[in-house]
Amino acid sequence: MEQWLNQVFITQEVYVALAVLFFTSVLFLLFRLFRRTKSNTIVLAGLSGSGKTVLFYQDGSSHQGTVTSMDPNEGSFVLHSETSKKGKIKPVHVVDVPGHSRLRPKLDEFLSQAAGLVFVVDALDFLPNCRAAAEYLYDILTKASVVNKRIPVLILCNKTDKVTAHSKDFIRKQLEKEIDKLRTSRNAVSEADISNEFTLGVSGQSFMFSHCVNKVTVGESSGMTGEISQVEQFIREHVKS
């Protein structure tokens with residue numbers, strides 16, 4: 001009887017050990033699966049008229065001229081610079097979010113799946129829109145979804161093919177100055193103001209994009225001439241082929 005009970009206990013222990021091994025293996029496989037499934041979505045944001053939609057149509061569609069989008073544009077395609085490459089190329093899913101102030105809340109619908117965000121700035125008509133661009137960018141950089149996921153941001157100075165366009169260094173410095181002003185004024189508002197979820201910068205220092213938790217870089221492009229190499233470089237850095 002005692003021998004039989006010992007065999008029963010041993011059998012139960014084996015079953016328990018096998019069950020633990022099985023569930024551990026399943027959890028490990030699920031973990032590997034989710035780690036491998038990385039987003040291939042790039043979100044385009046910026047003020048209306050900055051040239052986002054023209055950049056979006058650089059996927060090779062038949063779009064011509066300029067247009068202001070009122071609804072998000074979505075599409076998956078191979079980057080221009082990779083169309084002639086052989087082998088398997090991972091397509092990029094790009095979302096162009098309307099820049100009109102009343103339509104910007106649509107941005108939140110796509111941030112959860114974003115591998116990166118391109119904030120497009122009109123380098124030609126920058127100064128009159130500097131404050132508005134800084135406010136929009138400030139709102140993006142202080143969103144919990146952007147900070148917690150450390151979503152990389154490329155500030156893309158568009159229309160730089162024009163002679164009178166401002167340089168990316170000038171635009172970066174002006175945006176940093178405006179955001180610094182916004183940071184001071186908004187931090188002075190009561191904590192009951194929940195329009196922004198995180199604060200920016202380092203206390204006691206003038207704001208710089210290098211202070212951000214997520215990586216923020218600045219680049220140049222010309223949607224109308226098709227010069228988008230810095231955009232594609234940013235995309236491939238964060239959406240692996």
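In this predicted model, a good place to begin is E135, which counts as partly exposed at 30% relative accessibility. That label applies because the value falls between the 20% limit for buried residues and the 50% limit for exposed ones. The side chain of E135 meets that of R131 in a salt bridge, with N and O 3.4 Å apart. Both residues belong to helix 4 (residues 126-141), and because they are four residues apart there, about one helical turn separates them. R131 is likewise partly exposed, its relative accessible area being 37%.

R131 also has a partner elsewhere in the chain: it forms a salt bridge with E178, and the closest N and O atoms lie 3.1 Å apart. Here the link is between distant parts of the chain, since R131 sits in helix 4 and E178 in helix 6 (residues 168-187), 47 residues apart. E178 has a relative accessibility of 14% and therefore counts as buried. These contacts can be followed one step further, as R131, E135, E178 and K181 are linked in a network of salt bridges.

Another pair worth finding in the structure is K52 and D96, whose side chains meet in a salt bridge at 3.0 Å, N to O. K52 is in helix 2 (residues 52-56) while D96 is in strand 3 (residues 92-96), so this pair ties together parts that are 44 residues apart in sequence. Both K52 and D96 are buried.

The pairs described here are among the nine salt bridges found by a search of the whole structure.

Note on methods. Residues numbered from 1 in each chain as written. Predicted model: local features only at pLDDT ≥ 70, side-chain atom pairs only at ≥ 80, totals over all residues. Heavy atoms only, no water. Salt bridge = Lys/Arg side-chain N within 4 Å of Asp/Glu carboxyl O. Helix = DSSP H or I, 4+ residues; strand = E, 2+ residues; numbered from the N terminus. Buried < 20%, exposed > 50% of the residue type's maximum accessible area, 1.4 Å probe, protein only.
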